[in-house]
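User: I would like a close look at the salt bridges in this model. Please set them against the strands and helices around them.

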Amino acid sequence: MTYEEFLAAARECGSDWLETKTGRRFRVGVYMDCPFFILESTGQGRSDGRKAAKAFLDRYNATRSLRTTDYKDVTRNASYFIPLALRAEENESRP
């Protein structure tokens, strides 16, 4: 998937709650072409920036790994990026 498709999925999530593998709920927003995550538990947003988002997506496209530890050298937000990537793939497969 391209970075633009990834961002489109983030924009489409809007007010939907996504969930990490461990059950933490969060929402996704986009600011200046960079996804950020709003955690239900704190209500605060977090982002590693566009460079980290692109690095995550590059690795995800290459490996399709769903293990957060496989991304620890590129982002601290892999647990949030992975459900977003899965949502983006769902959107791609819809007619």
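Analyst: What follows takes the salt bridges one at a time and then turns to the sheet and the helices.

The model is a predicted one. It holds seven salt bridges, and three of them are described here, beginning with the pair of Asp 33 and Arg 11. The closest N and O atoms of Asp 33 and Arg 11 are 3.0 Å apart. This pair links distant parts of the chain, 22 residues apart: Asp 33 sits in the loop between strand E2 (25-30) and strand E3 (35-39), while Arg 11 belongs to helix H1 (residues 3-13). Asp 33 has a relative accessible area of 33%, so it is partly exposed. Arg 11 also counts as partly exposed, because its relative accessibility is 47%.

The next salt bridge joins the side chains of Arg 87 and Asp 16, at 3.1 Å from N to O. Arg 87 lies in helix H3 (residues 78-93) and Asp 16 in the loop between H1 and strand E1 (18-19), so the pair ties together parts that are 71 residues apart in sequence. Asp 16 is partly exposed, with 33% relative accessibility.

Another salt bridge is formed by Asp 70 and Arg 67, whose closest N and O atoms are 3.2 Å apart. The two partners fall into separate accessibility classes, because exposed means over 50% relative accessible area. Asp 70, at 27%, counts as partly exposed, whereas Arg 67, at 52%, counts as exposed.

Now the sheet. Four strands make up an open sheet, ordered E1-E2-E3-E4, with antiparallel pairing. At its edges are E1 and strand E4 (45-46), each of which pairs on one side only. Strands of a sheet pair through backbone hydrogen bonds. E1 and E2 run antiparallel and are joined by two bridges; in one of the bridge pairs, Leu 18 is matched with Phe 26 of E2.

Both helices named above lie across this sheet. H1, the helix that holds Arg 11, lies across E1, E2 and E3 and runs at about 120 degrees to E2. H3, the helix that holds Arg 87, lies across E1, E2, E3 and E4, at about 115 degrees to E3.

Put together, two of these salt bridges each join a helix to a loop. Arg 11 of H1 is paired with Asp 33, in the loop between E2 and E3. Arg 87 of H3 is paired with Asp 16, in the loop between H1 and E1.

Terms used: Residues are numbered from 1 along each chain as its sequence is written. This is a predicted model: local features need pLDDT of at least 70, side-chain atom pairs count only at pLDDT 80 or more; totals for chains, interfaces and linings use all residues. Side-chain values use heavy atoms; hydrogens and water are left out. A salt bridge is a side-chain nitrogen of Lys or Arg within 4 Å of a carboxyl oxygen of Asp or Glu. Buried means under 20% relative accessible area, exposed over 50%, partly exposed in between (1.4 Å probe, protein chains only). Two strands pair if DSSP finds at least two bridges between them. Contact means heavy atoms within 4.5 Å. Axes are lines fitted to C-alpha atoms, for helices over the stretch in contact, and angles run from 0 to 180 degrees between N-to-C directions.
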